[in-house]
Amino acid sequence: MNIGTVAILSPGDMGHAVGQRFREHELDVITCLAGRSERTRTLADKAGIRDVPTMQELVEQSDLVMSMTVSAAVPGVCQQVADALKATGSETLFAECNAIAPQLTRELEPVIIDAGGRFVDASIIGGPPRPGYSPHFYASGEHAAQFARLNDFGLTVLKLDGDVGQASGIKMCYAAMTKGSWALYTELLMAAELMGLTEPLLAEFQSGQESALQRMERTIPTVPPRARRWVSEMEEIRDTFAHLGMTRHLFEGVAEMYRFIGSTPLGDETPESRDRNRTFTETIRQLAEHLPPQDSGDVH
């Protein structure tokens, strides 16, 4: 399969950076911005991504469609692409690159195949591409080798043995560690703040958990602008683990924590607009201020 034009759905934080990397490697990159936010339009324009008016035109013009959106939107995007494939008779390769449970990925595969397209299970581990860096794109399934040709265009693609679902699975496990840890750090620091224990706790972390403290300092201020998007991702991890016979409650709690963070004024920020001078301790203090008051009669 020759790759000349790649479609990005949608060019948000990750998608626009991937598109920009492709443009740097002289690929034509397109998207369909109908109904998208002004921020997404701005990011697409910044990356040099060309807008086409309809999904059908996008499918007809592209050799590869890469879906990179919030987890909750994945089935709808997949169906839109399938409808466009049916309408145009295209055999475009569709890469499902989102953070979703392996069982959902396997459910989506026939939606694309029955519409005449080809399907690859892909997942992304790491941040958006930047100079000298690419996240790891994992790929599995029958068409993984075709997707791996993106190694020639500035991405790092790792092909997994096995069927559709393997790439989604490794993403679920990795995100459980990273985003699960950030939710845990946030919650325990909020608890310390509410009990007046922030200073001695941080001193103890400095003494015995210095590397974890450094991760908290670096990461926690960046969490609120992304918290709303992560709720559905944590629910996908919950479903992944439950499907394997493990508890669903752990990541129900993580999803609840991100839902709370997203409901605060800090959750209204975007990665571009967040206050970069706000420390992680100030971030925690502001989040704790927005917890609902507790009835002292409920404490036993």
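## Hollows and strands

Helix H12 gives the largest share of the lining of the largest cavity, namely three residues. You're looking at a predicted model, so a local feature needs pLDDT of at least 70 and a side-chain atom pair needs 80 or more, while totals for chains, interfaces and linings use all residues. Numbering starts from 1 along each chain as its sequence is written, and side-chain values use heavy atoms, with hydrogens and water left out.

**The hollows**

Let's stay with that cavity (points on a 1 Å grid over the protein atoms alone where a 1.4 Å probe fits but cannot get out; lining residues have an atom within 4 Å of a point). The structure has one cavity of 30 Å³ or more. The space in the largest cavity is about 40 Å³ (a volume is what probe spheres fill when set on grid points joined across faces, edges and corners). Who lines it? The residues are Leu189, Glu193, Thr198, Leu202, Phe280, Thr281 and Ile284. Helices H7 (166-194), H8 (198-208) and H12 (280-289) are the elements that each give two or more residues to this lining. Helices here are DSSP runs of H or I with at least four residues, and strands are runs of E with at least two, numbered from the N terminus.

Now for the pockets (open sets of points with protein on both sides within 12 Å along at least five of seven lines). The largest pocket holds about 1,600 Å³ of space. It has 49 lining residues, and the closest to its centre are Asp13, Pro128, Arg226, Arg229 and Trp230. Among the elements that supply at least two residues each to this lining are strand S6 (118-125), helix H9 (210-219) and helix H10 (224-243).

The second largest pocket holds about 360 Å³. Of its 18 lining residues, Ala183, Glu187, Gly253, Glu256 and Met257 lie nearest the centre. H7 and helix H11 (249-263) each supply at least two residues of that lining.

Here is how the linings split by class (Ala, Val, Leu, Ile, Met, Phe, Trp, Tyr, Cys and Pro count as nonpolar; Asp, Glu, Lys and Arg as charged; the others, Gly among them, as polar).

| Hollow | Lining by class | Element giving the largest share |
|---|---|---|
| Largest cavity | four nonpolar, two polar, one charged residues | H12, three residues |
| Largest pocket | 17 nonpolar, 16 polar, 16 charged residues | H7, nine residues |
| Second largest pocket | 13 nonpolar, three polar, two charged residues | H7, ten residues |

**The sheet**

Eight strands form an open sheet with mixed pairing, in the order S3-S2-S1-S4-S5-S6-S7-S8 (two strands pair if DSSP finds at least two bridges between them). Why is one side of S3 and of strand S8 (156-159) left without a neighbour in the sheet? These strands stand at the edges, so each has just a single partner strand.

Start at S1 (residues 5-9), which runs parallel to S2 (residues 28-31) and is joined to it by three bridges. One opposite pair is Thr5 and Asp28 in S2. On the way from S1 to S2 the chain passes through helix H1 (residues 13-24), in a right-handed β-α-β crossover (with the strands pointing away from you, the path over the helix runs clockwise).

Next, S2 pairs with S3 (residues 50-51) in the parallel sense, over two bridges. Thr31 has Asp51 in S3 as its bridge partner. The chain gets from S2 to S3 by way of helix H2 (residues 38-47), and this β-α-β crossover is right-handed.

Elsewhere in the sheet, S6 and S7 (residues 136-140) run antiparallel, joined by five bridges. There, Ile125 has His136 in S7 as its bridge partner.
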